[in-house]
Amino acid sequence: MLTRNCLSLLLWVLFDGGLLTPLQPPLQRTLATEPRENVIHLSGQRSHFQRVKRGWVWNQFFVLEEYMGSEPQYVGKANTFQAPLVTSVYSKPTNDMAPSQRSLQDVKWMLHSDLDKGEGTVKYTLSGDGAGTVFTIDETTGDIHAIRSLDREEKPFYTLRAQAVDIETRKPLEPESEFIIKVQDINDNEPKFLDGPYVASVPEMSPVGAYVLQVKATDADDPTYGNSARVVYSILQGQPYFSIDPKTGVIRTALPNMDREVKEQYQVLIQAKDMGGQLGGLAGTTIVNITLTDVNDNPPRFPKSIFHLKVPESSPIGSAIGRIRAVDPDFGQNAEIEYNIVPGDGGNLFDIVTDEDTQEGVIRLKKPLDFETKKAYTFKVEASNLHLDHRFHSVGPFKDTATVKISVLDVEEPPVFSRPLYTMEVYEDTPVGTIIGAVTAQDLDAGSSAVRYFIDWKSDGDSYFTIDGTEGTVATNELLDREITAQYNFSIIARKVSNTLLTSKVNILINVLDVNEFPPEIAVPYETSVCENAKPGQIIQVVSAADRDLSPAGQRFSFRLSPEAAIKPNFTVRDFRNNTAGIETRRNGYSRRQQELYFLPVVVEDSSYPVQSSTNTMTIRVCRCDSDGTILSCNVEAIFLPVGLSTGALIAILLCIVILLAIVVLYVALRRQKKKDTLMTSKEDIRDNVIHYDDEGGGEEDTQAFDIGALRNPKAVEENKVRRDIKPDSLCFPRQRPPVEDNTDIRDFINQRLQENDVDPTAPPYDSLATYAYEGNGSVADSLSSIDSLTTEADQDYDYLTDWGPRFKVLADMFGEEESYNPDKVT
């Protein structure tokens, strides 16, 4: 008791003297919910010390993470003492404190109850997070232990509840109190670069301190406790090219003017160490791959000052005759080069373009070369960068110049025609062998050779023309007809005599000129009509002409009546002098009754030489028209119809006739249907009545069991005694077995019955099937009737059944078995 009082007094002096500053620990429950007498006020002034009665008080406990001891880790103790309890004695310890100071700072709250007198009547219970699995409490002493190792990074604190209960009554002595056990961090996690490895780039030639990249390492330890999570960055590999800020992790350049063309890739190894970089801290590393990006700091340079090229004179226009290249150590668009020919000798014959893939200058031919005219050309080519960087203008001009010398090589060439295309004209029907033109080809080489000409038969397979092999003159080989073929297109080949492999080809276009040999005709067959009420001078048709000849510009056609039709014309032709003419009436009215058709001969004449003409007969039909001139009818039958009868009236008359015909057809059809119905009787027809008899009868001679008259037609008996047989439908009967021998009496009996029914006038009016169960006489089995049978079955012998043949085999087997099974017969 004295020791506890002294400890309480010491703590009070320390706080009252200002040696320890009360701090409110995290996660502390407010004391406003507890009785006012449980609160002790601490201030700078000395207050009157008074002992007060206390109930449950609580705060947070601490337990060290990753504890590896053999015994459970002690957390705290629930105890009872009478000294005043300071509620705010807690300060976060630091790593630089002495062990004695840390023990003073790590004062943990203790669970205690004023009702616990130390007599063993109080039992302590623990519940909440990890109670029983992570933490246990001694029911008697209140000691709390951690029974397994804890990881702060997995769970930083645990919230539990403790209560003091009477050990006998199990009743709580005070209300349940809640407290926190916090896992105290240790440095057990190294810094990690979650985003590594890193990739970064920085332009070459950058100044010192240029920003490259910022790296960040994460430490899972508690950043609020000690230096376990305080990370310091350093470079292990990559100096002296780069540096890193130890606190922020920003990587910067450390050397000026780093050249990409010297070294492009750098691999920097970064280390992050906790504990502020002090000895004993944990470290993690990552790799940063840094690439120097290109800038245009190098001009293009030709590897040599003169380029020699040799070009055959036969090179076609637009072909590539050579390549030159300037070297630029830069990369990408900074290495793109533009080539230009400096104006001078030969510059107008050549052109140069840049190959985008290889950055070479491709020299192309703009005009044809001729060794006989000029054998060599010299010009200069300039190479320059397209994308310049103003920061490097002071280095000098970003261009270079080289000289190109081109030597023209002599090549033996084929003959050359004087024209690229020859066009000739010839009149149709020109006599065979007439010369219509000529072609010319020359050998331009130094040693000139003779040339021979040939027609390319692949293009002129019909051989309408021939050519002189030496002179090159073209003549007709057949008569030409413009109306069949108006134009010919073929090729002529020129071949050197000295080298027959050297040939050239030219196209020949021959137009066949027209000769006026066909007369003009009416363009189309017109369907001309004139109204009966036509007036003189009316134009009833406009006609035009067509000529199968090729009509030249200004060709005119004239129209007139033939001389025989001009004597007393009913119609005339008016020439409009624009290659059309009109058919004009000359009478006042026309009658279809007198004349329905008129034939008008029209003469058409052209204006070419020689003049051609033709007579064309036009047919003019007289039609009935209304007052406005609209044609109503041109048919001949319409002439005989009443004048006042309109088309609508005719349609109405025809419609009435059709309706009357339909009524007559319907009436006839109904009459025929009614006659067919009379052949059938009403519902009393005997064929509609089915009579079923279930009487066994007394045999073939018994006819009193039913009335056969019910099967007869009463009307047929009264009206006519003659039978009205109706042919039954053909039926498919099952195949019958061949008749059994010795059945003549049955056949005679059936034939007798059939004859009786045939002559019976009261028989049914249709064939009926009668079944007769006549047994007959003379059966080898005798009578099977039970009449006259023996009184007892035991006296009968059925062995004779086996002699009756296969038909009675089943019956013989059945009765034979019964006889063999007789129990009365005992051997």
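**Exercise 1. Locate Arg577 and describe its backbone and its exposure.**

Solution. Step 1: Arg577 sits in the loop that runs between strand E35 (571–575) and strand E36 (580–585). The structure examined in these exercises is a predicted model.

Step 2: The phi angle of Arg577 is near 60°, which is a positive value in a residue other than glycine.

Step 3: The relative accessibility of Arg577 is 62%. Exposed means over 50% relative accessible area. Arg577 therefore counts as exposed.

**Exercise 2. Determine where Asp429 lies, what its phi angle is, and whether it is buried, partly exposed or exposed.**

Solution. Step 1: Asp429 belongs to the loop between strand E23 (421–427) and strand E24 (435–438).

Step 2: Phi of Asp429 is near 65°, again a positive value in a residue other than glycine.

Step 3: The relative accessible area of Asp429 is 43%. Buried requires a value under 20% and exposed a value over 50%, with partly exposed in between. Asp429 is therefore partly exposed.

**Exercise 3. For the peptide bonds from Gly196 to Pro197 and between Gln239 and Pro240, state the geometry and place each proline in the chain.**

Solution. Step 1: The bond from Gly196 to Pro197 has omega near -5° and is cis. Pro197 is located in the loop between strand E7 (177–184) and strand E8 (198–203).

Step 2: Gln239 and Pro240 are joined by a cis peptide bond, with omega about 5°. Pro240 is placed in the loop between strand E10 (232–237) and strand E11 (242–244).

**Exercise 4. State how many disulfides the structure holds, and analyse each of them.**

Solution. Step 1: There are two disulfides in the structure.

Step 2: One disulfide joins Cys531 to Cys625, with an S to S distance of 2.0 Å. The torsion about this S-S bond is -85°, and the link of Cys531 and Cys625 is left-handed. Cys531 lies in strand E32 (residues 528–531) and Cys625 in strand E38 (residues 613–625), so the pair ties together parts that are 94 residues apart in sequence.

Step 3: Consider the exposure of these two cysteines. Cys531 has a relative accessibility of 14% and counts as buried. Cys625 is also buried, with a relative accessible area of 11%.

Step 4: A disulfide also joins Cys623 to Cys634, with an S to S distance of 1.7 Å. The torsion about the S-S bond of Cys623 and Cys634 is about 110°, so this disulfide is right-handed. Cys623 is in strand E38, whereas Cys634 is in the loop between strand E39 (631–633) and helix H3 (647–678), and the two are eleven residues apart. Cys623 counts as buried, because its relative accessibility is 0%.

Step 5: With bonded cysteines counted along the chain, the disulfides follow the pattern 1-3, 2-4.

**Exercise 5. Describe the surroundings of Arg230: its loop, its exposure and its contacts.**

Solution. Step 1: Arg230 is found in the loop between strand E9 (211–214) and E10.

Step 2: At 45% relative accessibility, Arg230 counts as partly exposed.

Step 3: Between Arg230 and Thr218 there are two separations to record: twelve residues in sequence, and 9.6 Å in space from C-alpha to C-alpha.

Step 4: Neighbours within four places in sequence are left aside; Arg230 is then in contact with Lys273, Asp274, Met275 and Gly276.

Technical notes:
Residues are numbered from 1 along each chain as its sequence is written. This is a predicted model: local features need pLDDT of at least 70, side-chain atom pairs count only at pLDDT 80 or more; totals for chains, interfaces and linings use all residues. Side-chain values use heavy atoms; hydrogens and water are left out. Helices (H or I, at least four residues) and strands (E, at least two) are DSSP runs, numbered from the N terminus. Buried means under 20% relative accessible area, exposed over 50%, partly exposed in between (1.4 Å probe, protein chains only). A disulfide is a pair of cysteine sulfur atoms within 2.5 Å. Contact means heavy atoms within 4.5 Å.
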